[in-house]
Amino acid sequence: MEGHAGRRRARRLLVGTVVVLALAGLNGPWLYRVGSEKYHHYEINRPEYKAENGHWDVVDVPEEFRQNTIHAALLYTGKILLVAGSGNNLDNFDAKNFRSVVWDPVENTFHEVKTPADLFCAGHIHLAGGKLLFAGGTKRYEKLKGDVTKAGGLMIVHNEDPDKTVTLPAGAQFTGKQNHKTFVAKDPVTVKPAKKIFDKKTGKFLRTEASVNRVYVEAQKRGKQYETGAQENYRVQGLTGSDARNVYGIANKLGLDKKDFQGIHDAYEFDPATEKFTKVAPMDEARWYPTLTRLSDGRVLALSGLDDIGQVVPGKSEIYDPKTRTWKYSGKVRQFPNYPAVFQLPDGTFFYSGSNAGYGPNDVGRAPGIWQFATNKFTKLPGLDDANLMETSGTVMLPPAQEEKFMVVGGGGIGESTKSSKKTRIIDLTADSPHFRDGPRLAEGTRYPELSILPDDTVLITGGSQDYRGPSAENILQARIYDAKTGEMRRVADPEVGRNYHSGSILLPDGRVITFGGDSLFADKAKTKPGVFESRLEIYTPPYLYRTSRPSPRYVRRHVELPRH
């Protein structure tokens, strides 16, 4: 009997052991993951780790103030203006729900400010007196191929009457003389009187030359059958007499292809003291995704952008005068893709690094160089062996500014390319023969990096994605610090929040860095799940703030710990 009982106990022990091992096998990955996360949390919060690598904290933003922040700026009050506009959200745009929030990073308080227009994808810059200038924004959202249901495109409206300006209202109808298809103007359009041409020697009248303007039109009805494939003359319905003869439209293809964003003429100043936007004179050109560059005399140069029919502004630049709050064409023509990275140099010339946000011809205005603004001469700069991977790269002027050295970080192929670059490139514009040379490499091909100059004259490089507009599954959760003095780059603490398209970073007055935004098209690598705009803010506290010896920013407000999620 004793032997049988012993064998039964042995079997029970064996079965129990097998069950324990089986459960351990099932739960092993989970236990390992939990253990790893706990160790990681312990490791990144050690004082020694923070003093070497810094630390990231997610800001606790009250739900009513969470938004799709696309622009942000540090105000002289020490607060941060966070601008979303419609936040790249068509429902918000249609409802005219345009948002901006002012955040006090010291008190961690938020309040919304009235936003007068869709400043999503405007240009913005600080003026000499501390106000902010915003120029451009969104007039109409893009429609991707497949989403376009009505054929449409550009209609050139002609006026051959030399004695009268003609204005056609939104809704004006253009009917083809041959194809008999009707298209509707989406906006009002005004065409000046025709130009009278005279003989220069005799003064004798020779002829009139039609004046033209353009307007975006759409077919009256949905369907592929309303597309056109060739140039056609269109009569304007409702006109009679001489107007019917003198005013007409001409259009090429009007189709169901992708329709780009369209820009606005509007410009505003934001006053940090009153925390209000004030409308100023509009730009001559409508611009979506323009670059604003401050001139040495305090005026501001506006470059590029998509115009009010969704085409890249053809090289026309204009200058804003803060004294008169008006714009005037510069007289200089130089075409760039949207959001070109352009910096004014001490001698009044401009350096264009080649960084841009896309939206433009593949072979126009993409080469980096020096723009002699006074003479409109452009000199290309050599040294890039990946010149076709500069779109969505980042550019920063390396400290000290007097040395005129620049760094270009990452980038990708033109348009919706999956290619991305691991490179950084350095250029010294004071050299006898300035040219790009490769700097330290990144671990991953990186589009949309955030770059911030720190008070100790190093550069924080963080965020980005390996692919065009994401997906968020390919966000790069890494940060690095580049030291221009030594030419070395080292990895520091990893951020928790991924950033890609429509993201940025700002150095705070106390030496920390805030990151915001992130707008993936997709959430997964297979590109089957739609992306979600990243509304969280995250703060990086650099290593020097955990040491006894710290750099001294130009002005500092008291530092407090921010609540975390």
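## A hairpin to start with

Let's begin with a pair of neighbours in this predicted model. Strand 4 (residues 99-104) and strand 5 (residues 109-114) run antiparallel and are joined by 6 bridges. To find your way along the pairing, look for Arg99, whose bridge partner in strand 5 is Lys114.

The turn of this hairpin is worth a look too. There are 4 residues between strand 4 and strand 5, and Asn108 adopts a positive phi near 55° there.

## An open sheet of four strands

Next comes a sheet. It is open and is formed by 4 strands in the order 6-7-20-21, with antiparallel pairing. Strand 6 (123-126) and strand 21 (276-280) are at the edges; each has a single partner strand, so one side of each is left without a neighbour in the sheet. From one strand to the next, the twist averages 25°.

At one end of that order, strand 20 (residues 267-271) and strand 21 run antiparallel, with 5 bridges joining them. A handy landmark here is Ala267, which has Val280 as its bridge partner in strand 21. While you look at the strands, keep one general point in mind: in a regular strand, side chains alternate between the two faces of the sheet.

## The second largest pocket

Now for some empty space. The second largest pocket has a volume of about 690 Å³. Its lining is made up of 24 residues, and those closest to the pocket centre are Thr190, Val212, Asn213, Arg214 and Asp308. Two or more lining residues come from each of strand 13 (189-191) and strand 16 (211-219).

Which strand gives the most to the lining of the second largest pocket? That is strand 16, with 6 residues. By residue class, the lining of this pocket divides into 11 nonpolar, 4 polar and 9 charged residues.

## How confident is the prediction?

Finally, a word on confidence. The mean pLDDT of the chain is 90, and 91% of the residues reach 70 or more. Residues 1-11 have a pLDDT below 50, and this stretch has 1 contact in the model beyond near neighbours in sequence.

Residues 554-565 also have a pLDDT below 50. For this stretch, the model has 39 contacts beyond near neighbours in sequence. When you view these two stretches, please remember that the pLDDT is below 50 over residues 1-11 and over residues 554-565.

Note on methods
Residues are numbered from 1 along each chain as its sequence is written. This is a predicted model: local features need pLDDT of at least 70, side-chain atom pairs count only at pLDDT 80 or more; totals for chains, interfaces and linings use all residues. Side-chain values use heavy atoms; hydrogens and water are left out. pLDDT is the predictor's confidence in each residue, from 0 to 100. Contact means heavy atoms within 4.5 Å. Two strands pair if DSSP finds at least two bridges between them. On a 1 Å grid over the protein atoms alone, a cavity is a set of points where a 1.4 Å probe fits but cannot get out, and a pocket is an open set with protein on both sides within 12 Å along at least five of seven lines; lining residues have an atom within 4 Å of a point. Grid points are joined across faces, edges and corners, and a volume is the space filled by probe spheres set on the points. Ala, Val, Leu, Ile, Met, Phe, Trp, Tyr, Cys and Pro count as nonpolar, Asp, Glu, Lys and Arg as charged, and the others, Gly among them, as polar. Axes are lines fitted to C-alpha atoms, for helices over the stretch in contact, and angles run from 0 to 180 degrees between N-to-C directions.
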